[in-house]
Amino acid sequence: MLSPVRARAVAGPSPHPLSRTFAAGRPLVCGVLNVTPDSFSDGGRFASFDRAVEHGHVLAAEGADLIDVGGESTRPGARPPTLLEELDRVVPVVEALARQVPVPLSVDTSRPEVMRAAVAVGASMVNDVRALRSPGALAAAAELGVPVCLMHMQRSPEAMQEDPRYRDVVVEVRTFLAERVRACLDAGIRQEHLVVDPGFGFGKTLAHNLALLASLDAVTGLGVPVMVGLSRKSMIGQLTGRAVGDRLPGSLAAAVVAVQRGATLLRVHDVAATRDVLAVLDAVDGAG
Ligand code: 7PM
(Lines give C-alpha, C1' and ligand atoms only; values in the text may rest on other atoms or scores of the structure.)
Protein backbone atom coordinates (compact mmCIF):
# COMPACT_ATOMS: atom_id res chain seq x y z
CA MET A 1 0.00 0.00 0.00
CA LEU A 2 1.18 3.51 -0.74
CA SER A 3 1.87 5.88 2.10
CA PRO A 4 -0.28 9.02 1.97
CA VAL A 5 2.74 11.08 0.90
CA ARG A 6 3.59 8.61 -1.86
CA ALA A 7 -0.03 8.33 -2.95
CA ARG A 8 -0.21 12.10 -3.25
CA ALA A 9 2.96 12.12 -5.36
CA VAL A 10 1.45 9.53 -7.69
CA ALA A 11 -1.85 11.40 -7.90
CA GLY A 12 -0.02 14.60 -8.84
CA PRO A 13 0.04 17.87 -6.98
CA SER A 14 -2.51 18.15 -4.19
CA PRO A 15 -5.23 20.75 -4.72
CA HIS A 16 -3.96 24.28 -4.36
CA PRO A 17 -4.26 25.16 -0.67
CA LEU A 18 -5.66 28.51 -1.65
CA SER A 19 -8.28 27.24 -4.09
CA ARG A 20 -10.54 26.78 -1.09
CA THR A 21 -10.49 30.55 -0.54
CA PHE A 22 -12.73 30.88 -3.54
CA ALA A 23 -14.63 27.63 -3.08
CA ALA A 24 -15.37 28.41 0.56
CA GLY A 25 -16.12 32.07 -0.19
CA ARG A 26 -14.61 33.09 3.10
CA PRO A 27 -11.16 33.92 4.44
CA LEU A 28 -8.93 30.98 5.31
CA VAL A 29 -7.63 30.31 8.78
CA CYS A 30 -3.98 29.31 9.05
CA GLY A 31 -3.07 27.76 12.40
CA VAL A 32 0.34 28.60 13.88
CA LEU A 33 2.45 25.61 14.87
CA ASN A 34 5.77 26.62 16.39
CA VAL A 35 8.14 23.74 16.98
CA THR A 36 10.09 24.97 19.96
CA PRO A 37 13.43 23.45 20.94
CA ASP A 38 13.58 20.69 23.54
CA SER A 39 14.44 21.91 26.99
CA PHE A 40 17.41 20.23 28.59
CA SER A 41 15.68 19.19 31.77
CA ASP A 42 12.52 17.35 30.74
CA GLY A 43 11.02 14.85 28.27
CA GLY A 44 14.17 14.26 26.23
CA ARG A 45 14.78 14.08 22.54
CA PHE A 46 11.21 13.73 21.30
CA ALA A 47 9.28 15.98 23.68
CA SER A 48 9.02 18.91 21.25
CA PHE A 49 8.10 16.57 18.38
CA ASP A 50 5.28 14.95 20.36
CA ARG A 51 3.97 18.30 21.57
CA ALA A 52 3.99 19.79 18.09
CA VAL A 53 2.26 16.86 16.41
CA GLU A 54 -0.38 16.80 19.13
CA HIS A 55 -0.97 20.51 18.70
CA GLY A 56 -1.25 20.03 14.93
CA HIS A 57 -4.12 17.62 15.57
CA VAL A 58 -5.79 20.22 17.80
CA LEU A 59 -5.48 22.93 15.13
CA ALA A 60 -6.93 20.56 12.51
CA ALA A 61 -9.84 19.59 14.78
CA GLU A 62 -10.56 23.27 15.44
CA GLY A 63 -11.02 23.82 11.71
CA ALA A 64 -7.72 25.14 10.39
CA ASP A 65 -7.62 25.43 6.59
CA LEU A 66 -3.82 25.40 6.64
CA ILE A 67 -1.23 24.69 9.34
CA ASP A 68 2.00 26.71 9.30
CA VAL A 69 4.89 24.74 10.79
CA GLY A 70 7.90 26.80 11.86
CA GLY A 71 11.16 26.03 13.66
CA GLU A 72 12.75 29.47 13.66
CA SER A 73 11.70 31.75 16.47
CA THR A 74 11.54 35.17 14.87
CA ARG A 75 11.06 36.84 18.25
CA PRO A 76 12.77 40.25 18.26
CA GLY A 77 16.43 39.82 19.18
CA ALA A 78 16.39 36.04 18.65
CA ARG A 79 19.35 34.38 16.95
CA PRO A 80 18.37 32.02 14.15
CA PRO A 81 18.82 28.27 14.71
CA THR A 82 21.47 26.43 12.71
CA LEU A 83 20.31 24.72 9.53
CA LEU A 84 20.52 21.31 11.20
CA GLU A 85 18.54 22.49 14.22
CA GLU A 86 15.82 23.89 11.99
CA LEU A 87 15.64 20.77 9.79
CA ASP A 88 15.55 18.57 12.87
CA ARG A 89 12.65 20.50 14.38
CA VAL A 90 10.49 21.00 11.32
CA VAL A 91 10.86 18.06 8.94
CA PRO A 92 9.72 15.22 11.25
CA VAL A 93 6.67 17.26 12.32
CA VAL A 94 5.67 18.03 8.73
CA GLU A 95 6.17 14.39 7.77
CA ALA A 96 4.02 13.11 10.64
CA LEU A 97 1.20 15.63 10.17
CA ALA A 98 1.11 15.18 6.39
CA ARG A 99 0.24 11.54 7.04
CA GLN A 100 -2.07 12.13 9.98
CA VAL A 101 -4.21 15.20 9.27
CA PRO A 102 -6.19 16.13 6.13
CA VAL A 103 -5.12 19.78 6.29
CA PRO A 104 -2.51 21.31 3.95
CA LEU A 105 0.75 22.30 5.63
CA SER A 106 2.95 25.29 5.01
CA VAL A 107 6.53 25.52 6.17
CA ASP A 108 7.61 28.78 7.82
CA THR A 109 11.23 29.07 6.73
CA SER A 110 13.70 31.23 4.79
CA ARG A 111 16.13 28.41 4.00
CA PRO A 112 16.04 26.62 0.63
CA GLU A 113 17.20 23.35 2.24
CA VAL A 114 14.29 23.42 4.69
CA MET A 115 11.83 24.28 1.90
CA ARG A 116 13.02 21.29 -0.16
CA ALA A 117 13.03 18.85 2.75
CA ALA A 118 9.61 19.93 4.02
CA VAL A 119 7.96 19.77 0.59
CA ALA A 120 9.54 16.34 0.02
CA VAL A 121 7.71 15.00 3.09
CA GLY A 122 4.37 16.65 2.37
CA ALA A 123 4.36 20.44 2.89
CA SER A 124 2.38 22.14 0.14
CA MET A 125 3.27 25.79 0.71
CA VAL A 126 6.20 27.98 1.78
CA ASN A 127 5.75 30.92 4.18
CA ASP A 128 8.85 33.11 4.26
CA VAL A 129 9.21 36.10 6.60
CA ARG A 130 12.19 37.17 4.41
CA ALA A 131 10.13 36.99 1.19
CA LEU A 132 12.60 34.65 -0.59
CA ARG A 133 15.54 37.06 -0.27
CA SER A 134 17.93 34.50 1.28
CA PRO A 135 20.50 32.99 -1.10
CA GLY A 136 18.91 30.22 -3.17
CA ALA A 137 15.42 30.64 -1.67
CA LEU A 138 13.74 32.15 -4.73
CA ALA A 139 15.15 29.46 -7.03
CA ALA A 140 14.16 26.69 -4.61
CA ALA A 141 10.59 27.94 -4.29
CA ALA A 142 10.27 28.27 -8.07
CA GLU A 143 11.62 24.76 -8.58
CA LEU A 144 9.29 23.27 -5.95
CA GLY A 145 6.24 24.76 -7.67
CA VAL A 146 4.30 25.38 -4.46
CA PRO A 147 2.41 28.50 -3.34
CA VAL A 148 4.49 31.05 -1.46
CA CYS A 149 3.70 33.72 1.14
CA LEU A 150 5.97 36.75 0.85
CA MET A 151 6.20 38.82 4.05
CA HIS A 152 7.58 42.30 4.63
CA MET A 153 10.20 42.70 7.34
CA GLN A 154 12.47 45.70 7.89
CA ARG A 155 16.05 44.55 8.70
CA SER A 156 16.54 41.16 10.44
CA PRO A 157 14.83 39.56 13.47
CA GLU A 158 17.88 40.44 15.59
CA ALA A 159 17.70 44.16 14.78
CA MET A 160 14.18 44.79 13.53
CA GLN A 161 12.69 46.35 16.66
CA GLU A 162 15.60 48.77 17.30
CA ASP A 163 14.00 52.08 16.35
CA PRO A 164 12.21 51.13 13.11
CA ARG A 165 11.70 54.13 10.82
CA TYR A 166 9.85 54.77 7.57
CA ARG A 167 9.18 57.80 5.47
CA ASP A 168 5.75 56.30 4.70
CA VAL A 169 5.25 52.79 6.05
CA VAL A 170 2.24 51.99 3.84
CA VAL A 171 3.98 53.07 0.63
CA GLU A 172 7.24 51.33 1.56
CA VAL A 173 5.60 48.02 2.49
CA ARG A 174 3.47 48.05 -0.65
CA THR A 175 6.48 48.89 -2.85
CA PHE A 176 8.58 46.14 -1.25
CA LEU A 177 5.86 43.51 -1.71
CA ALA A 178 5.26 44.60 -5.32
CA GLU A 179 9.00 44.22 -5.99
CA ARG A 180 9.04 40.70 -4.44
CA VAL A 181 5.95 39.68 -6.44
CA ARG A 182 7.77 40.86 -9.58
CA ALA A 183 10.92 38.89 -8.62
CA CYS A 184 8.81 35.75 -8.10
CA LEU A 185 7.02 36.13 -11.43
CA ASP A 186 10.39 36.69 -13.16
CA ALA A 187 11.71 33.49 -11.50
CA GLY A 188 8.80 31.54 -12.98
CA ILE A 189 6.45 31.35 -9.97
CA ARG A 190 2.83 31.56 -11.10
CA GLN A 191 0.88 34.60 -9.90
CA GLU A 192 -1.89 32.27 -8.62
CA HIS A 193 0.73 30.81 -6.24
CA LEU A 194 1.57 34.11 -4.55
CA VAL A 195 0.34 35.54 -1.25
CA VAL A 196 1.64 38.74 0.37
CA ASP A 197 1.77 39.76 4.03
CA PRO A 198 2.59 43.21 5.49
CA GLY A 199 4.43 41.56 8.40
CA PHE A 200 2.83 43.06 11.49
CA GLY A 201 5.46 43.50 14.22
CA PHE A 202 8.44 42.86 11.94
CA GLY A 203 10.44 46.10 12.15
CA LYS A 204 7.40 48.23 13.00
CA THR A 205 6.26 50.41 15.88
CA LEU A 206 2.67 50.38 17.10
CA ALA A 207 1.97 53.44 14.93
CA HIS A 208 3.41 51.65 11.87
CA ASN A 209 1.30 48.54 12.55
CA LEU A 210 -1.87 50.58 12.98
CA ALA A 211 -1.21 52.57 9.80
CA LEU A 212 -0.79 49.31 7.86
CA LEU A 213 -3.94 47.76 9.28
CA ALA A 214 -5.98 50.90 8.64
CA SER A 215 -4.65 51.06 5.05
CA LEU A 216 -4.61 47.35 4.27
CA ASP A 217 -6.27 48.19 0.94
CA ALA A 218 -2.85 49.42 -0.26
CA VAL A 219 -1.64 45.82 0.08
CA THR A 220 -4.79 44.10 -1.21
CA GLY A 221 -4.46 46.43 -4.22
CA LEU A 222 -1.47 44.36 -5.38
CA GLY A 223 -3.99 41.85 -6.70
CA VAL A 224 -2.81 38.76 -4.83
CA PRO A 225 -4.34 37.28 -1.66
CA VAL A 226 -3.21 38.92 1.59
CA MET A 227 -2.25 37.04 4.75
CA VAL A 228 -2.10 38.81 8.09
CA GLY A 229 -0.51 37.68 11.35
CA LEU A 230 -1.92 39.74 14.20
CA SER A 231 -2.66 36.96 16.67
CA ARG A 232 -1.29 37.62 20.19
CA LYS A 233 1.29 40.08 18.83
CA SER A 234 2.85 42.83 20.92
CA MET A 235 0.74 45.48 19.15
CA ILE A 236 -2.32 43.80 20.70
CA GLY A 237 -0.50 43.85 24.04
CA GLN A 238 0.31 47.55 23.66
CA LEU A 239 -3.32 48.40 22.84
CA THR A 240 -4.89 46.32 25.62
CA GLY A 241 -2.22 46.16 28.31
CA ARG A 242 -2.56 42.37 28.27
CA ALA A 243 0.07 39.65 28.63
CA VAL A 244 0.51 37.30 25.68
CA GLY A 245 -1.88 34.68 27.08
CA ASP A 246 -4.70 37.22 27.49
CA ARG A 247 -4.72 38.73 24.01
CA LEU A 248 -7.50 36.69 22.38
CA PRO A 249 -10.23 39.38 22.45
CA GLY A 250 -7.86 41.99 21.04
CA SER A 251 -6.61 39.52 18.42
CA LEU A 252 -10.18 38.74 17.32
CA ALA A 253 -11.01 42.44 16.97
CA ALA A 254 -7.92 42.86 14.81
CA ALA A 255 -8.97 39.84 12.72
CA VAL A 256 -12.40 41.40 12.09
CA VAL A 257 -10.79 44.64 10.93
CA ALA A 258 -8.36 42.78 8.68
CA VAL A 259 -11.12 40.73 7.04
CA GLN A 260 -13.27 43.80 6.50
CA ARG A 261 -10.29 45.46 4.82
CA GLY A 262 -9.74 42.53 2.46
CA ALA A 263 -7.42 40.01 4.15
CA THR A 264 -7.96 36.48 2.81
CA LEU A 265 -5.75 34.45 5.14
CA LEU A 266 -5.57 34.86 8.90
CA ARG A 267 -2.50 33.38 10.57
CA VAL A 268 -3.69 32.68 14.12
CA HIS A 269 -3.02 30.68 17.26
CA ASP A 270 -6.71 30.41 18.24
CA VAL A 271 -8.31 28.64 15.30
CA ALA A 272 -11.69 27.74 16.84
CA ALA A 273 -12.35 31.26 18.13
CA THR A 274 -11.32 32.77 14.79
CA ARG A 275 -13.65 30.41 12.92
CA ASP A 276 -16.50 31.62 15.16
CA VAL A 277 -15.71 35.22 14.27
CA LEU A 278 -15.71 34.37 10.57
CA ALA A 279 -19.04 32.54 10.90
CA VAL A 280 -20.64 35.71 12.26
CA LEU A 281 -19.05 37.97 9.62
CA ASP A 282 -20.10 35.56 6.88
CA ALA A 283 -23.71 35.44 8.09
CA VAL A 284 -23.92 39.23 8.05
CA ASP A 285 -22.47 39.34 4.51
CA GLY A 286 -25.05 36.78 3.42
CA ALA A 287 -27.89 38.90 4.80
CA GLY A 288 -26.71 42.14 3.20
C1 7PM B 1 8.07 34.76 18.53
C2 7PM B 1 7.68 36.03 18.13
C3 7PM B 1 7.71 33.66 17.80
C4 7PM B 1 6.93 36.22 16.99
C5 7PM B 1 6.96 33.83 16.66
C6 7PM B 1 6.58 35.11 16.26
C7 7PM B 1 4.20 35.95 10.93
C8 7PM B 1 4.76 34.88 10.25
C9 7PM B 1 5.47 34.89 12.30
C10 7PM B 1 3.31 36.83 10.23
C11 7PM B 1 3.69 35.44 8.30
C12 7PM B 1 4.31 34.98 15.43
C13 7PM B 1 5.73 35.35 15.05
N14 7PM B 1 4.64 35.93 12.22
N15 7PM B 1 4.52 34.61 8.96
N16 7PM B 1 5.57 34.23 11.12
N17 7PM B 1 3.10 36.52 8.92
N18 7PM B 1 3.40 35.21 7.01
O19 7PM B 1 3.70 35.82 16.14
O20 7PM B 1 2.79 37.83 10.74
O21 7PM B 1 3.84 33.91 15.11
S22 7PM B 1 6.36 34.41 13.70
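In what order do the 8 strands of the open sheet stand? Let's find out, view by view, in this predicted model.

**View 1. The open sheet brings 8 strands together in parallel pairing.** Reading across the sheet, the order is E6-E5-E4-E3-E2-E1-E8-E7. At the edges stand strand E6 (194-197) and strand E7 (227-228). Each of these two has a single partner strand, so one side of each is left without a neighbour in the sheet. As a reminder, strands of a sheet pair through backbone hydrogen bonds, either parallel or antiparallel.

**View 2. At one edge, strand E5 (residues 148-151) pairs with E6.** The two strands run in the parallel sense and are joined over 4 bridges. To find your place, look for Val 148, which stands opposite Leu 194 in E6.

**View 3. Strand E2 (residues 66-70) is largely enclosed by the rest of the structure.** Are the residues of E2 buried or exposed? Here 5 of the 5 are buried, so the strand is largely enclosed. Their side chains alternate: Leu 66, Asp 68 and Gly 70 point one way, while Ile 67 and Val 69 point the other way. Residues on both sides of E2 are buried.

**View 4. Strand E2 is joined by bridges to E1 and to E3.** Strand E1 (residues 28-34) runs parallel to E2, and 5 bridges join the two. One pair to look for is Val 32 with its bridge partner in E2, Asp 68. Strand E3 (residues 105-108) also runs parallel to E2, with 4 bridges between them. On this side, Ile 67 stands opposite Leu 105 in E3. How does the chain get from E2 to E3? The path goes through helix H4 (residues 83-100), and this β-α-β crossover is right-handed.

**View 5. The ligand is surrounded by 13 residues.** The closest of them are Thr 74, Asn 127, Asp 197, Lys 233 and Arg 267. By class, the shell holds 5 nonpolar, 3 polar and 5 charged residues. Zoom in on the polar atoms: a nitrogen atom of the ligand is 2.8 Å from an N or O atom in the side chain of Asn 127. Lys 233 places a polar side-chain atom 2.6 Å from an oxygen atom of the ligand, and for Arg 267 a distance of this kind, again to a ligand oxygen, is 2.7 Å. How much of the ligand does the protein bury? Taken alone, the ligand exposes 480 Å², and the protein buries 88% of that.

**View 6. Val 114 sits in helix H5 (residues 112-120).** This residue is buried, with a relative accessible area of 0%. Now look for Leu 84: Val 114 and Leu 84 are 30 residues apart in sequence and 9.2 Å apart in space, C-alpha to C-alpha.

**View 7. Ala 131 and Arg 232 each have a positive phi.** Most residues other than glycine have a negative phi, which makes a positive value something to look out for. Ala 131 has a phi near 55 degrees and lies in the loop between strand E4 (125-128) and helix H6 (137-144). Arg 232 has a phi near 65 degrees, and its loop runs between E7 and helix H10 (234-240). Which of these residues is buried, and which is partly exposed? Ala 131 is buried, at a relative accessible area of 0%, whereas Arg 232 is partly exposed, at 31%.

Technical notes
Residues are numbered from 1 along each chain as its sequence is written. This is a predicted model: local features need pLDDT of at least 70, side-chain atom pairs count only at pLDDT 80 or more; totals for chains, interfaces and linings use all residues. Side-chain values use heavy atoms; hydrogens and water are left out. Buried means under 20% relative accessible area, exposed over 50%, partly exposed in between (1.4 Å probe, protein chains only). Two strands pair if DSSP finds at least two bridges between them. A crossover is right-handed if, with the strands pointing away from the viewer, the path from the first strand over the helix to the second runs clockwise. A residue is near a molecule or strand if one of its heavy atoms lies within 4 Å of it. A polar contact is a pair of N or O atoms within 3.5 Å; within protein, one must be able to donate a hydrogen and the other to accept it, and residues adjacent in sequence count only if both atoms are side-chain atoms. Accessible areas come from the Shrake-Rupley method with a 1.4 Å probe; for residues, only the protein chains shown count as cover. Ala, Val, Leu, Ile, Met, Phe, Trp, Tyr, Cys and Pro count as nonpolar, Asp, Glu, Lys and Arg as charged, and the others, Gly among them, as polar.
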